Amino acid sequence: MKQIIIILLLLLDAYGLSGQDITLSVDAPAVVVIGEQFRLSWTANSRGGEFEAPEIKDFFVLSGPQTSFSQSTQIINGRVTSTISNTYTYYLQANKEGKFTIPPARYRLKNEEYLSGSKEIEVVSEGQALRQDDRDTTEESLTGQSASTADLYARLLLNKRELYLGEHLVASLKIYSRVNISGIQEVKYPDFQGFLKEDLETPPLRNLERENVSGSIYGTGVLQRFLLYPQRTGTISIDPASLTVLLQQQSLSNDPFFGDFFSTFTTIPKMIATLPLEIKVKTLPEGAPPGFEGAVGNFSVRSELSADTVSVNNALSFKITLEGQGNLKLTAAPDLNLPPDIEIYEPKVSSNLTASVSGTSGSRVFEYVLIPRYHGEFTIPPIQFSYFDPSMAQYRTLRTEEYKFTAMQVEEGEEGARVYGGVSKENVKYLGRDIRYIKTGKANFRSGKNLLLKNNLFLYSYPGTLLLFIILIVVRREQIKRNSDIARVRNRKAAGLAARRLKQAAECLKNSDTEGFYSELLKALWGYLSDKYNIPLSELNIDAVNHTMSKNKLDSETVADLQEVISKCEYSKYSPDSDISTADEVYRKAEKIIKDIENK
C-alpha cells in the first residue's frame with residue numbers, strides 16, 4: 001500500500017511540474033562597499049537544464065558556481081503543490097566604486113532558452129564602508145555573526161608603485177584582524193603576469209603582532225613576500241590574492257549564574273581577498289651607451305688573467321666578476337674583442353646570488369678559456385659594462401683593465417705543438433696537427449694470403465646463417481600455433497597454476513588460518529579442473545567434473561577422493577575446522593588427486 005501511495009505522489013508530482021512555468025531569478029545585494037564580499041545567485045524552478053552564467057567583469061570572482069538543489073511536495077485537499085529550487089551561487093568581491101550591471105544568465109531546457117533579469121549593484125566608497133562596518137561590529141558582538149570587513153581583511157603591500165623597467169619591487173601579502181582566528185588555509189597568490197617573480201624567504205606565521213592601524217589595534221602578520229622584476233613598460237595590473245581564514249567564535253550563554261563560563265566555540269571559514277593593484281613601469285631614458293644589455297641596479301666589475309706567458313696551444317683563464325645589487329640574473333656575458341689568432345670558448349658562468357627585500361645581490365663570474373694558436377704578443381682590451389642606476393636615474397659605464405700576454409713558440413722536436421715559420425699564418429696557422437705529411441722511408445707491406453675473405457670457415461658461415469634463420473622461423477611459427485589454441489595452453493599450464501595456489505594454501509595452514517586454507521585449496525582444485533578439462537567456470541560443478549573424469553577413464557578411487565575433498569572444503573569454508581591434522585590430510589589428498597590426473 002505504501003509503495004502505491006509513493007508512486008501516485010511521484011506521478012502527481014510529475015504532472016504538477018509539467019504544467020508550471022519555468023523561471024530563472026537572480027539575487028544579489030543592491031549596495032556593497034569596496035572590498036566587501038557578497039553572494040550572487042541564480043535560482044531556476046526546474047531541474048535537468050543547462051545553466052550558463054554571464055561574464056562577470058566588474059567584480060572579482062572568489063569562487064563559484066556552487067550548486068544546490070531542493071524539492072518539496074504538498075498535498076492539501078487533493079491538490080498537489082511541488083516546488084523545485086535549483087540554485088547556482090557565486091561569491092564575489094567589489095574592487096572599485098560605481099554602479100555596475102550583471103548581465104542576464106541563460107537556462108536551457110528541452111531546446112527552450114530562459115533568461116533571468118539583469119542585476120544592478122552599487123559599490124560605495126571605503127569611508128562609507130568603515131561607518132557601516134562600525135555598526136555591523138556592534139551588532140555582530142551581540143549576535144555572534146561573522147566578522148565584518150573592518151575587523152578582518154588582507155592587503156598586498158608594495159614598496160613602490162612606480163619604477164623603471166628592470167628595477168626590483170617587493171610585494172608582501174599581509175593580514176589584519178581584530179577577531180580571533182584559529183588558522184589560515186587555501187591561500188591563492190596572484191600569478192604576477194608581466195613580472196619575473198622570486199619567492200623571498202618568509203618566516204611561517206605563528207602569531208599575529210599588535211599594530212596601530214589608523215588609531216585601531218589590529219593583529220597583523222605577513223604571509224609571504226615576493227621579489228618582482230617588471231618585464232615590460234606601461235601599466236601592469238596585479239590580480240587580487242585570496243585566502244580562507246578560520247574564525248573562532250563564541251556562542252553566548254544566557255545562564256544568569258555562570259554567564260559565559262559554559263560558552264562553546266565554533267570555527268567558521270571566511271574567504272577574504274585583496275584589492276587589485278596597478279604598477280606603472282617607466283621606460284629607461286634615452287642615450288643608453290653602446291653595449292648596454294638592460295642591466296639595472298648598482299654594480300662593480302673586476303677582471304683577472306691567469307698568466308702573462310703561455311705556450312702556443314695551451315690555455316689561459318680570463319675571469320670577469322660582476323658584483324652588486326640589481327637584476328644580476330638577467331645579465332649576459334660580456335663580449336671579448338680579441339684577434340682571430342686566439343680561440344675563445346663559451347664562458348663558464350657561476351652565480352652566488354641572494355634575494356632579499358633589498359633586491360638581488362651577490363656576484364656572477366664569467367670564466368673564458370683562451371687558447372693562442374700562434375706565437376707573439378697579444379692584448380686583451382678593456383671590457384666595457386654599462387648599466388642603469390635607478391637611484392640616480394642615469395647610465396653608468398664600467399671598464400676592466402687592459403691585459404697583455406705572450407704566446408711562446410714551442411721548441412723544435414715537440415710533436416703536436418710546432419709552429420712553422422715562413423708560412424703565412426692567414427693560410428696555415430697550425431701545421432703540427434692540422435696537416436700530416438706523407439710518411440717517408442721503407443714501406444712495410446703485408447701478404448694477402450691470410451685474408452679473411454679467403455677463409456673456408458668464413459665462406460661456410462653464409463649458408464649456416466641462412467639455415468639457422470629458417471629453423472628459427474619454423475620454431476617461432478610452431479610456438480605461435482601452439483599458443484593460439486587457448487584450451488591447450490590452459491591444459492599445459494593447469495598443473496603450474498594449481499601448484500602455486502596449493503603453495504598459498506600451505507602458507508595459510510602454516511599460519512593456522514584454516515578458513516583461508518580451505519578457500520585457497522578449493523580455488524586450486526576448481527581452477528585446475530577448469531583449465532585441465534576446458535570447462536567454463538560458469539558450467540563448473542561436481543556433476544560436470546564427474547562426467548568428464550569418467551569420460552577420460554579415471555579410476556573410481558580418484559573420483560571419490562575428489563568428491564570428498566571438495567565436500568570437506570565447501571563445509572569447512574563456512575564452518576572452519578580447528579583440527580590442523582584433518583586439514584593436513586585434506587591437503588595431501590588434493591596433491592595426490594592432481595598428481596593422479598597428470599599421470600593419467
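Glu343 and Arg373 meet in a salt bridge, and their closest N and O atoms are 2.7 Å apart. This pair links distant parts of the chain: Glu343 sits in strand S25 (residues 342–344), while Arg373 belongs to the loop between strand S27 (359–372) and strand S28 (376–380), 30 residues apart. Glu343 is partly exposed, with 29% relative accessibility, and Arg373 is partly exposed as well, at 23%. Please keep in mind that the model is predicted.

**The overall picture**

Let's step back to the whole protein. Its 600 residues include a buried share of 36%, and the fold holds nine helices and 31 strands. Among contacts with a separation of 6 or more, 69% are between residues 24 or more positions apart. The accessible surface comes to about 37,300 Å², and carbon and sulfur atoms account for 50% of that.

**Salt bridges**

How many salt bridges does the structure hold? There are 13. Three of them, including the pair described above, are set out here.

| Pair | N to O distance | Relative accessibility |
|---|---|---|
| Glu343 and Arg373 | 2.7 Å | Glu343 29%, Arg373 23% |
| Arg108 and Glu52 | 2.7 Å | Arg108 32%, Glu52 35% |
| Asp58 and Lys96 | 3.8 Å | Asp58 26%, Lys96 41% |

In the second row, Arg108 forms a salt bridge with Glu52. Arg108 lies in strand S8 and Glu52 in strand S4 (residues 50–52), so this bridge ties together parts that are 56 residues apart in sequence. In the third row, the side chains of Asp58 and Lys96 meet. Asp58 is in the loop between S4 and strand S5 (59–76), and Lys96 is in the loop between strand S6 (79–94) and strand S7 (98–102), so the pair ties together parts 38 residues apart in sequence.

**Around strand S8**

Strand S8 (residues 106–109) also holds Leu109. Is Leu109 buried or exposed? Leu109 counts as buried because its relative accessibility is 14%, and the cut-off for buried is under 20%. Leu109 and Gly49 are 60 residues apart in sequence, yet their C-alpha atoms are 4.6 Å apart in space. Beyond its neighbours within four places in sequence, Leu109 touches Ile22, Ser46, Arg47, Gly48, Gly49 and Tyr114.

Next comes Asn111, in the loop between S8 and strand S9 (112–115). Asn111 has a phi near 65°, a positive value in a residue other than glycine. Asn111 is exposed, with a relative accessible area of 84%.

**Strand S14 and the nonpolar patch**

Glu186 is another residue with positive phi, about 55°, although it is not a glycine. Glu186 lies in strand S14 and is exposed at 58% relative accessibility. Val187 is found in strand S14 (residues 181–188) too, and is partly exposed at 32% relative accessibility. Which residues make up the nonpolar patch on the surface? Val187 joins Ile184, Tyr189, Leu205 and Leu208 there, and together they have about 330 Å² of accessible area.

**A positive patch**

Elsewhere on the surface, positive charge gathers in a patch made of Lys493, Arg500, Arg501 and Lys523. Helix H5 (residues 486–510) gives the most to this patch, with three residues. Arg501 is found in helix H5 and is partly exposed, at 30% relative accessibility.

Definitions and conventions: Residues numbered from 1 in each chain as written. Predicted model: local features only at pLDDT ≥ 70, side-chain atom pairs only at ≥ 80, totals over all residues. Heavy atoms only, no water. Helix = DSSP H or I, 4+ residues; strand = E, 2+ residues; numbered from the N terminus. Buried < 20%, exposed > 50% of the residue type's maximum accessible area, 1.4 Å probe, protein only. Contact = heavy atoms within 4.5 Å. Areas by Shrake-Rupley, 256 points an atom, 1.4 Å probe, with all protein chains shown as cover. Patch = residues over 30% accessible without salt bridge, like charges linked within 9 Å, V, L, I, M, F, W, Y side chains within 5 Å. Salt bridge = Lys/Arg side-chain N within 4 Å of Asp/Glu carboxyl O. Lys, Arg positive; Asp, Glu negative; His and termini not counted. Charge placed at Lys NZ, Arg CZ, Asp CG, Glu CD.
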